[in-house]
Amino acid sequence: YQFSIPPSARQLFTFVDEAGRMWRMTRLPMGLAPSVELCHIHVSALAGDPAVVRPEYAATPGVRVHTWIDNIRHTGNEDAVRASMLETDRKAAAVGATFKAADSVDLATASTYCGVSYDHE
């Protein structure tokens, strides 16, 4: 993910290099110490995680949202999950967040993580 820094906050991301040139970041740099936490909060909000958003912005009813720094997992009924994922894409587009994958709506019933296989069929 990449997140735009709001114009009103960009002065907080301004620095001067060794040659005396001033630089101002427009996107959140992943090497900055708080970037991981900020990214996780942004991703949770985009996904509609009820722990970080008001009820009117929560994920589709009946869908559980799990976020890890820059990853989102929606679980529940297939139609509700698809609707929730499309809503996440819509929210991301509205705030200028970008995804690596061209098609971020990918329904899977099985996955492997750290050598452990998960099968949800």
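Leaving aside neighbours within four places in sequence, which residues is Asp49 in contact with? The first view addresses this point, and every view is drawn from a predicted model.

**View 1. Surroundings of Asp49 in the loop between H1 and strand E3 (64–68).** Once neighbours within four places in sequence are set aside, the contacts of Asp49 are Ser44, Val65 and Thr67. Asp49 is buried, yet this residue has no salt bridge. The nearest side chain of opposite charge belongs to Arg64 and is 9.2 Å away.

**View 2. The hairpin of E3 and E4.** These two strands run antiparallel and are joined by 5 bridges. Val65, one of the residues in contact with Asp49, has His74 as its bridge partner in E4. The hairpin has 2 residues between the strands, and Ile69 takes a positive phi near 30 degrees.

**View 3. The two faces of strand E4 (residues 71–75).** In a regular strand, side chains alternate between the two faces of the sheet. Strand E4 shows such alternation: Ile72 and His74 point to one face and are buried. Asn71, Arg73 and Thr75 point to the other face and are not buried.

**View 4. The largest nonpolar core, comprising 18 residues.** The members that touch the most other members are Phe3, Val43, Leu46, Val63, Val65, Ile72 and Ala97. Helix H1 (35–47) and helix H2 (78–95) each supply at least two residues of this core. Ile72 also appears in View 3, on the buried face of strand E4.

**View 5. Contacts of the core residue Leu46.** Residues up to four places away in sequence are not counted here. Leu46 touches Phe3 and Ala97, which are likewise among the core members listed for View 4. Further residues touched by Leu46 are Thr88, Lys91, Ala92 and Val95.

**View 6. Met30 in the loop between E2 and H1.** Met30 counts as partly exposed because its relative accessibility is 45%. Apart from neighbours within four places in sequence, Met30 is in contact with Ser35 and Cys39. Phe3 lies 27 residues from Met30 along the chain, and their C-alpha atoms are separated by 10.0 Å.

**View 7. Confidence along the protein chain.** The mean pLDDT of the chain is 84, and 88% of its residues reach 70 or more. Confidence is highest in strand E2 (residues 22–24), at a mean of 95, and lowest in strand E5 (residues 110–113), at 71. Where pLDDT is low, the predicted coordinates should not be read in detail.

Technical notes. Residues numbered from 1 in each chain as written. Predicted model: local features only at pLDDT ≥ 70, side-chain atom pairs only at ≥ 80, totals over all residues. Heavy atoms only, no water. pLDDT = per-residue confidence, 0-100. Helix = DSSP H or I, 4+ residues; strand = E, 2+ residues; numbered from the N terminus. Core = buried A, V, L, I, M, F, W, Y, C linked by side-chain atoms within 4.5 Å. Buried < 20%, exposed > 50% of the residue type's maximum accessible area, 1.4 Å probe, protein only. Contact = heavy atoms within 4.5 Å. Lys, Arg positive; Asp, Glu negative; His and termini not counted. Salt bridge = Lys/Arg side-chain N within 4 Å of Asp/Glu carboxyl O. Pairing = 2+ DSSP bridges.
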